[in-house]
Amino acid sequence: MPHIKNALLRFRIIDKMIRNKYKSFPSKQELREACEESLYGSIDGAHICNSTIEKDLFNMKMEHDAPIKYSKKERGYYYENPDYSINDIPLTEDELSSIKYAVDTLHQFKETPFFKEFGNAIDKIVDRVSVGDEKNEMSKYIQFEAAASVGGNEFLPTLLEAIQRKNKVWFIYTSFLKGAGKPRKVSPLFLKEYQKRWYLISYDSNRKDIRTYALDRMEEPKILDEHQDIPQDFNPEEYFKNAMGITSYKGDAHLIKLRAGEVASKYLKSQPIHRSQEIIEETDKGETFFSLKLLLSEELIRTLLSYGGEIEIIEPKELKQLIVHRIKSMQKVYALNK
């Protein structure tokens with residue numbers, strides 16, 4: 001099914017490229033790059049090759065009667081009938097199912113403050129895609145994880161506007177540790193969601209450091225007239241490259257090695273802790289040794305503890321000590337309750 005859905009998406013990208021009056025006669029290479037960039041965010045050919053585009057062009061002709069022709073003079077493709085568009089063809093069952101799943105995913109966020117202004121548009125899409133009782137029928141077969149209502153989401157439009165305008169923001173912030181609200185003035189860099197909560201990644205000019213603020217602990221955010229300060233070497237992808245969750249900081253990542261039992265190994269293989277996770281060795285007993293390259297953070301510690309005694313930290317020593325300290329703290333808590 002994913003293969004079919006990707007092909008259908010490529011058909012529409014190719015159709016749009018061929019019908020582009022401002023850049024006529026796209027070449028096979030340009031079609032490939034457009035499809036790969038739209039679907040995977042790259043154009044290096046790692047995901048889509050020229051032969052895939054050739055098959056797509058052939059299938060568009062056979063399945064959708066697309067009047068695709070190749071111009072030797074212009075060295076590109078065009079429609080023999082300039083009025084043709086694949087969008088005029090009724091959606092297939094596969095396409096309709098894909099849209100229904102997407103609409104159901106979007107619909108669950110309709111009441112979230114950030115999306116409320118689009119509520120009417122979402123309703124229209126739902127009404128157009130849903131036929132009869134099919135909208136309710138879908139819930140019998142698939143259940144989406146509901147988005148929890150978390151405070152601070154109403155600030156998303158304001159903060160997003162500040163980022164786009166490249167202006168500083170001011171707000172009152174209450175940390176969990178100090179418990180008292182204090183004013184903050186920062187340069188907003190980007191917004192990041194983690195475990196259904198939104199965070200603002202920002203730059204504090206006074207502290208000359210990157211700071212992260214949870215939106216649910218903010219009050220009265222305001223966009224200032226001051227132009228934001230952005231560190232020249234800041235890159236969002238690089239900043240979180242060796243981080244897990246929302247916690248990140250400057251420093252070197254640790255090479256982490258761990259041993260997982262048979263059951264835990266299956267979970268880790270199917271849902272890796274981090275993109276850097278690799279398998280070092282698999283034993284006859286069903287155990288697997290993994291390696292990761294990560295900064296030591298609270299999110300990492302809590303994730304590892306969630307596996308209990310099913311995994312063992314081999315190295316680094318610092319992480320092993322942190323885990324042991326948490327286990328001892330748990331022992332004290334349960335000993336007092338006996």
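Start by selecting Lys-28 and Glu-54: their side chains meet in a salt bridge, 2.5 Å from N to O. Lys-28 sits in helix α2 (residues 28–40) and Glu-54 in helix α3 (residues 50–64), so this pair links distant parts of the chain, 26 residues apart. Colour by accessibility and you will find Lys-28 partly exposed at 24%, with Glu-54 partly exposed as well, at 39%. Keep in mind throughout that this is a predicted model.

Now zoom out to the whole protein. Its secondary structure comes to 11 helices and 11 strands, and buried residues make up 35% of the 338 residues. The accessible surface is about 22,000 Å², of which 50% belongs to carbon and sulfur atoms.

Next, show the largest nonpolar core, which has 26 residues. Select Leu-159, Phe-171, Leu-200, Ile-201, Leu-215 and Met-218, the members that touch the most others. To see where the core comes from, add α7 (156–165), β3 (167–174), β4 (181–194), β5 (197–204) and β6 (209–214), each of which supplies at least two of its residues.

Move on to strand β10 (residues 288–294), where five of the seven residues are buried. Which strands pair with β10? Select β8 (residues 254–260), joined to β10 by seven bridges in an antiparallel arrangement, and then β9 (residues 278–282), also antiparallel to β10, with four bridges. Two opposite pairs are good landmarks here: Arg-259 with Phe-289, and Glu-282 with Thr-288. Between β9 and β10 the hairpin has five residues, and Gly-286 takes a positive phi near 90°.

Stay here and show the side chains of Glu-287 and Arg-259, whose closest N and O atoms are 3.0 Å apart in a salt bridge. Glu-287 lies in the loop between β9 and β10 and Arg-259 in strand β8, so the pair ties together parts 28 residues apart in sequence. Is each partner buried or exposed? Arg-259 is buried at 18%, while Glu-287 is partly exposed at 22%.

For another salt bridge, select Glu-298 and Arg-326, with closest N and O atoms 2.6 Å apart. This one connects helix α10 (residues 298–305) with helix α11 (residues 317–336). Glu-298 is partly exposed at 29%, as is Arg-326 at 26%. Then select Lys-168, Lys-185, Glu-226 and Asp-229, which shared salt-bridge partners join into one network. The whole structure holds 17 salt bridges.

Finish with the cysteines Cys-35 and Cys-49. Cys-35 is buried at 0% relative accessible area, whereas Cys-49 is partly exposed at 36%. A search of the whole structure turns up zero disulfides.

Conventions
Residues numbered from 1 in each chain as written. Predicted model: local features only at pLDDT ≥ 70, side-chain atom pairs only at ≥ 80, totals over all residues. Heavy atoms only, no water. Buried < 20%, exposed > 50% of the residue type's maximum accessible area, 1.4 Å probe, protein only. Areas by Shrake-Rupley, 256 points an atom, 1.4 Å probe, with all protein chains shown as cover. Core = buried A, V, L, I, M, F, W, Y, C linked by side-chain atoms within 4.5 Å. Disulfide = S-S within 2.5 Å. Pairing = 2+ DSSP bridges. Salt bridge = Lys/Arg side-chain N within 4 Å of Asp/Glu carboxyl O.
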